Amino acid sequence: MLVDDFSRLSRDSMETEQARRRFIHWGVRLIGVTDGIDTAAKGHEMMSGFKGIMNQQFVSDLKDKISRGMVGKALGGFHCGGRSYGYRLVPVEVATKKDAYGRPQRIATKLEIDEEQAPWVRWIFSHYAEGWSPHKIVTELNRQQVPAPGAHYRRKKFVGTTLTWSAGSLQGDASIGTC
């Protein structure tokens, strides 16, 4: 089996080693083209282990760099990802720098209040403060046919379907860190 390099198998050194051992057990020759690792060559075990550790360290370093970059963007007042109901994403561009298509280069994104959705955000908060449950709030929003979060997003997956409010729209989901 040809792979570009062993990081395509996994970036976890233990998983890479387990995959390499399985292939050998099954009688499959494994070749990492850019790594220069070939399970038919003597000493491939050491090279494979070394590359597995390097790939795992690369992921760890990349995670730290991404976190550092996101902290820097947040401290600069920029948005770090996702969409929030009641806000629009506004690109921040630099006119003096151009992208590959000759347009101003996008360097960040800021949030701006969406005046169409803002009254509904205030309505949700006021009714929650009055003691309404999230279920009661979304039931009323659906009854009034208020467009749900994501209803205006241009996506291929939901074309032709109607998105409705759910209690998770207000409460978030702990499993994905949105609450």
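Which residues in H3 meet which residues in H4? In this predicted model, local features need pLDDT of at least 70 and side-chain atom pairs count only at pLDDT 80 or more, while totals for chains, interfaces and linings use all residues. Residues are numbered from 1 along each chain as its sequence is written, and side-chain values use heavy atoms, with hydrogens and water left out.

On the H3 side, Trp120, Trp123, Ile124, His127 and Tyr128 meet Pro134, Ile137, Glu140 and Leu141 of H4; contact here means heavy atoms within 4.5 Å, and helices are DSSP runs of H or I with at least four residues, numbered from the N terminus. Seven of the residues in this contact are nonpolar, one is polar and one is charged (Ala, Val, Leu, Ile, Met, Phe, Trp, Tyr, Cys and Pro count as nonpolar, Asp, Glu, Lys and Arg as charged, and the others, Gly among them, as polar). The axes of H3 (residues 118–129) and H4 (residues 134–143) come within 10 Å and cross at roughly 145 degrees; these axes are lines fitted to C-alpha atoms over the stretch in contact, with angles running from 0 to 180 degrees between N-to-C directions.

Turning to H4 itself, Pro134, Ile137, Val138, Glu140 and Leu141 are buried (under 20% relative accessible area, against over 50% for exposed and partly exposed in between, with a 1.4 Å probe and protein chains only). Seen down the axis of H4, these buried residues fall within an arc of 160 degrees, so they line one face of the helix; the arc is that of the directions from the helix axis to the C-beta atoms. They pack against H3 and helix H5 (167–171). His135 and Arg143 are exposed on the face of H4 turned away from its buried side. Just after H4, glutamine 145 takes a positive phi of about 60 degrees.

How values were computed
Helices (H or I, at least four residues) and strands (E, at least two) are DSSP runs, numbered from the N terminus.
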